[in-house]
Amino acid sequence: MKSILDFLEKKSKLLSLLIISIVFLIIPMKIIQYGWLPSDDARRHVAFSTLNCKWSDILVIDKKFDTDHNAGWHQILRFLHKKMGFTKDGLIRFSVIALYLLVNLTGILVSPSPVCWLLAILFFLICDTAVSPRLMLGRPYIFSCAATLIILRLFALPNSTEEFDSKKKNFYRIISVIVLIALSTWIHGSWYLFLLIPFSFLLAGKLKESIVLTACVITGTLIGAAMTGNFVDFLSYHFNATFTIYSEKTFNWLLVSENSSGNQYTYFILFLFAIIALCIYKKKLTFKELTNDPAFILVLLSWLLSIEIIRFWEDWGRMALLFWLSYRFKDLIASSNTLKEPRVKYCLFTFIILATFFITTNDGGGRFSKIVFDLPIDFNEERLSGWAPEPGGIVYSDSMGVFYKHFYEYPTAPWKYILGFESAIMPVEDKKILRKIGYNFRHPDEFIPWINKMTKADRLITVGSVGDFPQLESIQGARNYWIYRLKTATETADINASGTASINATATADLSASETFNINVSEAANINSSDTTNINSK
């Protein structure tokens, strides 16, 4: 037994790195086995990467937003698709596994030890259960998260100030940051958010580092924009989109969830201050060190901004706190003699591994497996013959989920979507209609402006039924989706002229092919709704 413990002690760092890396590889693979795949942007990234087109070929879009703001990520996926033979499902699995592994391996490398990073992750899983699913969405912002961790490692540690005066080391650090910013700009976009990092250094009293990092962000952004091959349009997209989103006079709850507001993490801050108090009690931290720590300042700044826009916490605050916590856990472990005992150390390590794995991968309440019931509409079904949007048609919908699901399923379809991945890029008139639908909780009357614009080629596809419209006929296309289309001119004329509707008896299984029933609309109004049966005409 002693010889085994001696061996483990000698190889502890290497073994912990290997085991933890394997766990972070298995976690997304286990979750994918439930049938889970991301339901939002990862799907549109994959679908778009299988095509050679512009967003205006897919969406009804304001012309000033018709640029690819994730050009690098799409080029990577397109290479895997064309040169390596990856299918759509293969690309989305690659996106989930590769990016989740990237950010966690980066965290392991920038933290003082693999165990400290795992402890920080476990702390988050207990206090903020959204952290792990957020890192498994297969979206390019995760690359920016990994870049943020590296930048903090290069500049935010206490010994970084001394190293800053070393010209050779400083040169390599500056080049590294420029490369990271350039790649993040090319892959993810949203380059302006990196300015939070030098601002945090400024607030921490590190003026020299703040100036250097600001110059790195600007230089890296320009290089990254040039790498897209569409320098001016790429930069203008981010200016225009950001201004349009945050200058719109509407209720915050009508925006996408990432741009919503709310003080959702107060309890988390309380846990954080408990750790700070423990570190001060153990004499591993002073208040002066805390206020001079750029990583900690970035945590507080991101939390403060997240009260207005939650994404500041989700993509920046969490990364900064994971980094900061890993070093605090290192200090606390070093201050405990009990944790240095081999038996305690290895048992605790096993517990942390299993707890992280179980908390992350459990399917409680069907949180992963339930997605298999949310299937897109299968327009190839015989019963849906003629219900697909026609070539040149437009899919009207108030749900981004309709776009994500069906663009992924039918990337080469000959129709466009009125609402895609961001409502801000819609034509102004259609965005106003969308806002009224949301504001009035999807009241059927708010869909009328879109219905009045519909042609024979268009379809209204909604999540759940939104009622009956005299000029439309509808059918349940899938478990969660309803399709609406214009009735024929003859049907509409009959309804307007006589107030009656003919329902062919062949639409029901119980009636013979030759029998027809005429139901007078004025008489039907007198029938109690609980005694009626709705028959979908074919």
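Buried residues have under 20% relative accessible area, exposed ones over 50%, and partly exposed ones lie in between (1.4 Å probe, protein chains only). Helices (H or I, at least four residues) and strands (E, at least two) are DSSP runs, numbered from the N terminus.

This is a predicted model, in which local features need pLDDT of at least 70 and side-chain atom pairs count only at pLDDT 80 or more, while totals for chains, interfaces and linings use all residues. Residues are numbered from 1 along each chain as its sequence is written, and side-chain values use heavy atoms, with hydrogens and water left out.

**Exercise 1. Work out the strand order of the open sheet, and find which strands stand at its edges.**

Step 1. Two strands pair if DSSP finds at least two bridges between them. The open sheet has five strands in the order S2-S1-S3-S5-S4, and its pairing is mixed.

Step 2. Now look at the ends of that order. Strand S2 (416–417) and strand S4 (472–476) are the edge strands, each with a single partner strand, so one side of each has no neighbour in the sheet.

**Exercise 2. Follow the pairings of S3, and say how much of this strand is buried.**

Step 1. Start with strand S1 (residues 394–396), which runs parallel to S3 and is joined to it by two bridges. Here Tyr 396 stands opposite Leu 460 in S3.

Step 2. Turn to the other pairing. Strand S3 (residues 459–463) and strand S5 (residues 481–486) pair in the antiparallel sense, over four bridges. Val 463 stands opposite Tyr 481 in S5, and Ile 461 has Ile 483 of S5 as its bridge partner.

Step 3. Check the burial. Of the five residues of S3, four are buried, so the strand is largely enclosed by the rest of the structure.

**Exercise 3. Describe how S4 is linked to S5, and how covered S4 is.**

Step 1. S4 and S5 run antiparallel and are joined by five bridges. Ser 474, for instance, has Tyr 484 in S5 as its bridge partner.

Step 2. Trace the chain between the two strands: a hairpin of four residues joins S4 to S5.

Step 3. S4 is mostly covered, with four of its five residues buried.

**Exercise 4. Describe the packing of H10 and H12.**

Step 1. Two packed helices are described by the angle between their axes and the distance between the axes. Axes are lines fitted to C-alpha atoms, for helices over the stretch in contact, and angles run from 0 to 180 degrees between N-to-C directions.

Step 2. Helix H10 (residues 167–187) packs on helix H12 (residues 207–227) at an angle of about 45 degrees, with the axes 7 Å apart. That makes H10 oblique to H12; angles under 35 degrees count as roughly parallel, over 145 as roughly antiparallel, 65 to 115 as roughly perpendicular and the rest as oblique.

Step 3. The crossing of H10 and H12 is right-handed. A crossing is right-handed if the near helix is turned clockwise from the far one by less than a right angle, and left-handed if anticlockwise.

Step 4. Contact means heavy atoms within 4.5 Å. Among the residues that meet are Ile 174, Val 177 and Trp 186 in H10, and Val 212, Leu 213 and Met 227 in H12. By class, the contact of H10 with H12 has 14 nonpolar, five polar and no charged residues. Ala, Val, Leu, Ile, Met, Phe, Trp, Tyr, Cys and Pro count as nonpolar, Asp, Glu, Lys and Arg as charged, and the others, Gly among them, as polar.

**Exercise 5. Do the same for H16 and H17.**

Step 1. Helix H16 (residues 294–306) and helix H17 (residues 311–334) pack at about 155 degrees, with their axes 8 Å apart. The two helices are therefore roughly antiparallel.

Step 2. H16 and H17 cross in the left-handed sense. This contact has 13 nonpolar, three polar and no charged residues.

**Exercise 6. Examine phi and exposure at Phe 441 and Arg 442.**

Step 1. Most residues other than glycine have a negative phi. Phe 441, though not a glycine, has a positive phi of about 55 degrees, and phi of Arg 442 is near 65 degrees.

Step 2. Phe 441 is found in the loop between helix H20 (428–439) and helix H21 (448–453), and Arg 442 is found in the loop between H20 and H21.

Step 3. Phe 441 is exposed, at 68% relative accessible area, and Arg 442 is partly exposed, at 28%.
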